[in-house]
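Student: I should like to work through this model with you, beginning with its metal site and then moving to the fold around it. May we take it one question at a time?

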Amino acid sequence: MVETEALFSAVLDATADAVMVTDKAGTIRRINPAFQKLTGFDPATLVGRDARELFSEINDAEFCDGLWDDGAPRHYPSVRSKHADGRAQVHALSMTSINDVAGQPSQFVAVILSESFQTDAETGESRRIGHDALTGLPDRSILADRVGQNILNAKRANKSIALLVMGLDRFTLVNDALGYAAGDQMLKEVADRLAKVIRVSDTAARLDGDKFAVMTPISAIDDSVIVAEKVLNAIKKPFMLKGEEVFITFSIGISIYPTDGEDFDDLLKDSLSAMQYAKQDGGSQYRFFASDMNAKAKNRLALEKRMRNALVNEEFVLYYQPKVEPKTDRVKGAEALIRWIDPVHCFINPGEFIPVAEETGLIVDIGTWVMRKACFQIKAWQDAGYGPIKISVNVSSMQFKAKDLLDVVKSALNDSGLEAKWLELEITESMLMNDVEGAIARMQAVRDLGCDLSIDDFGTGYSSLSYLGRFPITTLKIDRAFIKDVQENPNTAEIARAIIGLSRGLNLEVVAEGAELKEHIDFLKENGCDSIQGFFYSKPLTVKDFEAKLTKINV
Ligand code: C2E
Ligand code: MG
Ligand code: MG
């Protein structure tokens with residue numbers, strides 16, 4: 001026993017890692033010379049003190065308390081600790097416990113990893129060289145080194161490695177909505193979660209901004225799928241930021257050595273473009289690198305560039321698709337639908353460019369343009385003596401969550417002189433489910449302005465019916481999937497009927513989308529649908545053609 005004790009002491013004194021031993025309450029019992037060197041405190045001043053003092057104030061309180069709780073081994077890639085001279089230093093910390101015979105933690109061992117430190121000239125904080133200051137994860141240079149090492153090993157053993165590059169989807173929304181401090185906190189938490197899901201043979205790194213990477217030696221492609229899924233799942237759990245539950249997802253691009261590239265630079269390039277592909281496809285998923293992707297990526301870049309110019313060059317126009325009351329055949333309103341008339345590539349439908357605009361953030365400017373254009377147009381029709389019509393405008397997810405949504409709507413109304421009741425905003429269910437309470441507050445704020453609010457493509461999202469009654473909406477738009485075969489599919493017809501009934505019960509207006517056939521109209525009329533929008537009545541029209549419909553129908 002004595003021998004073990006002596007051996008333990010000798011090991012502790014010899015190790016280059018900084019080690020601190022505390023009792024279960026967190027009172028410091030012992031530090032080794034490396035710990036003394038790292039923190040500048042000698043054992044006489046530290047032993048007997050509460051170890052939390054070394055970490056308190058410069059880390060959040062929850063973290064400090066969590067250090068000494070259940071004794072489960074923990075690794076924190078980025079922790080601040082106080083140096084005797086008053087400065088803070090950032091490093092990785094591992095906590096483990098020594099358990100008594102009953103399996104309860106009796107002592108805790110805190111190990112600060114021995115790697116070179118450097119002092120940041122600006123902040124005075126010292127940090128491990130090759131590690132990202134915010135998260136404590138290895139940076140790109142260390143990752144490159146480890147990938148290089150693993151490629152050498154894999155070459156010898158005829159094995160493969162996978163490089164996963166992951167970017168947070170729409171991370172700028174977190175920064176915009178909650179501020180940079182919360183954004184930083186999220187990045188740190190993401191790093192901690194990554195560090196927890198990987199194996200010892202893997203390396204997790206932060207590349208830059210919201211981009212992280214994991215390198216993992218694999219025996220089969222499926223191994224990389226398992227890692228990707230673990231990462232996706234770890235990120236899906238909500239983050240608590242400023243007392244709010246925030247959800248975020250990753251897009252992951254995966255490249256494989258040796259099939260996709262021979263060195264780190266090639267693999268990184270491939271993973272990044274695979275990641276972009278995952279993002280374009282809606283995010284929250286992984287994609288492997290495939291050779292035809294380079295061409296696709298190039299096209300997308302070109303599209304993005306053209307789209308920026310399109311706003312400046314006024315290449316966008318709004319078309320209006322009538323919403324008709326089936327009983328009277330009267331045009332009650334219309335939906336404004338954007339079109340892009342590119343001088344070279346001609347007519348481009350929103351389905352092609354709206355998703356790219358969302359991803360690049362350009363949707364905010366485009367959305368503002370649409371809102372203003374529509375308001376001025378409705379006012380112009382009113383001033384020209386056309387009958388009262390309500391126009392709906394599609395609002396994208398990013399726009400709906402943007403801080404200035406209300407300001408954009410307000411100024412479009414003010415500047416055009418349009419009364420709010422003639423404007424309706426269309427949102428989709430998927431925008432509402434991540435943060436229901438926040439969404440309800442935003443919806444209410446839109447209603448308080450006096451605008452109507454509809455749920456578009458209803459029935460295709462995941463919204464739980466229990467929420468529907470709480471959403472301050474005025475209208476449901478039945479997705480065309482539930483209209484297109486009502487005449488021959490009794491199940492679809494039953495769903496369409498149920499949605500109409502539901503709207504009635506909730507006192508909402510109901511609009512059917514995509515009615516193309518006489519049979520659709522008859523069905524909807526019979527079942528009491530308020531308005532119908534579809535090719536049967538009209539395709540989306542230019543301002544001039546729409547005016548013709550208005551005068552014709554409203555005579
Ligand atoms: P949405 O809001 O559900 O718009 C209805 C879409 O259905 C329109 O496609 C319309 O042309 C089409 N449609 C209408 N009646 C029929 C029909 O009888 N049969 C068929 N097959 N289709 C019909 P469009 O104009 O291509 O727009 C597609 C989507 O793009 C819209 O779906 C909307 O989500 C988005 N979008 C359009 N304009 C804007 C905009 O200004 N801002 C935003 N954020 N999104 C927009
Ligand atoms: Mg719509
Ligand atoms: Mg729709």
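Student: How far apart are the magnesium ion (ligand 2) and the magnesium ion (ligand 3), and which residue coordinates both?

Tutor: The model is a predicted one, and the distance is computed from its atoms. The two magnesium ions, ligand 2 and ligand 3, are 3.9 Å apart. The residue that coordinates both is Asp 456.

Student: Which protein donors does the magnesium ion (ligand 2) have, and at what distances?

Tutor: Two glutamates contribute OE atoms, Glu 335 and Glu 426. Asn 394 contributes OD1, and Asp 456 contributes OD. In sequence these donor residues follow the spacing E-x58-N-x31-E-x29-D. Their distances from the ion are 2.0 to 2.2 Å.

Student: Glu 335 and Asn 394 link distant parts of the chain; in which strands do they lie, and how many residues apart are they?

Tutor: Glu 335 is in strand β16, residues 330-342. Asn 394 is in strand β18, residues 390-394. The separation along the chain is 59 residues.

Student: Is Glu 335 buried or exposed, and why is Asn 394 classed as partly exposed?

Tutor: Glu 335 has a relative accessible area of 3%, and a residue counts as buried under 20%, so Glu 335 is buried. Partly exposed covers the range between that cut-off and 50%. Asn 394 is therefore partly exposed, its relative accessibility being 29%.

Student: Which residues coordinate the magnesium ion (ligand 3), and how are they spaced in sequence?

Tutor: Asp 456 and Asp 457 each supply an OD atom. Glu 513 is listed with OE twice, and the coordination distances run from 2.1 to 2.6 Å. The spacing of the donor residues is D-D-x55-E.

Student: Where do Asp 456 and Glu 513 lie, and are they buried or exposed?

Tutor: Asp 456 belongs to strand β20, residues 452-458. Glu 513 belongs to strand β22, residues 509-513, and the pair is 57 residues apart. As for accessibility, both Asp 456 and Glu 513 are buried.

Student: What is the phi of Asp 457, and why is this residue classed as partly exposed?

Tutor: Most residues other than glycine have a negative phi. Asp 457, which is placed in strand β20, has a positive phi of about 50° although it is not a glycine. A relative accessible area between 20% and 50% counts as partly exposed. Asp 457 therefore falls in that class, with a relative accessible area of 26%.

Student: In which loop is Lys 242 found, and why does it count as exposed?

Tutor: The loop that holds Lys 242 runs between β11 (239-241) and β12 (244-246). Lys 242 is not a glycine, yet its phi is positive, near 50°. Exposed requires a relative accessible area over 50%. Lys 242 is therefore exposed, since its relative accessibility is 62%.

Student: Which strands pair with β8, and in what sense?

Tutor: Strand β8, residues 160-168, is mostly covered, with 8 of its 9 residues buried. Strand β10 (residues 211-218) pairs with β8 over 8 bridges in the antiparallel sense. Another 8 bridges join β8 to strand β13 (residues 250-257), and this pairing too is antiparallel.

Student: Which residues are the bridge partners of Ile 161 in β10 and in β13?

Tutor: In β10, Ile 161 is bridged to Pro 217. In β13, the partner of Ile 161 is Tyr 257.

Student: Which residues does the cis peptide bond join, and what is its omega?

Tutor: Most peptide bonds are trans. Pro 258 is placed in the loop between β13 and α9 (264-280). The cis bond joins Tyr 257 and Pro 258, with an omega of about 5°.

Student: Which residues does Val 197 contact beyond its neighbours within four places in sequence?

Tutor: Val 197 lies in helix α7, residues 180-197. Its C-alpha atom is separated by 43 Å from that of Val 393, 196 residues apart along the chain. The contacts of Val 197 outside its sequence neighbours are Lys 230, Val 231 and Ala 234.

Student: How many helices and strands does the chain have, and what does its C-alpha trace span?

Tutor: Of the 555 residues in the chain, 48% are buried. The chain has 19 helices and 23 strands. Along the principal axes, the C-alpha trace spans about 105 × 50 × 50 Å.

How values were computed: Residues are numbered from 1 along each chain as its sequence is written. Chains are lettered from A and ligands numbered from 1 in the order in which they are written. This is a predicted model: local features need pLDDT of at least 70, side-chain atom pairs count only at pLDDT 80 or more; totals for chains, interfaces and linings use all residues. Side-chain values use heavy atoms; hydrogens and water are left out. Donors are N, O and S atoms within 2.8 Å of the metal (3.2 Å for Na, K and Ca); water is not among the atoms, so sites may look incomplete. Helices (H or I, at least four residues) and strands (E, at least two) are DSSP runs, numbered from the N terminus. Buried means under 20% relative accessible area, exposed over 50%, partly exposed in between (1.4 Å probe, protein chains only). Two strands pair if DSSP finds at least two bridges between them. Contact means heavy atoms within 4.5 Å.
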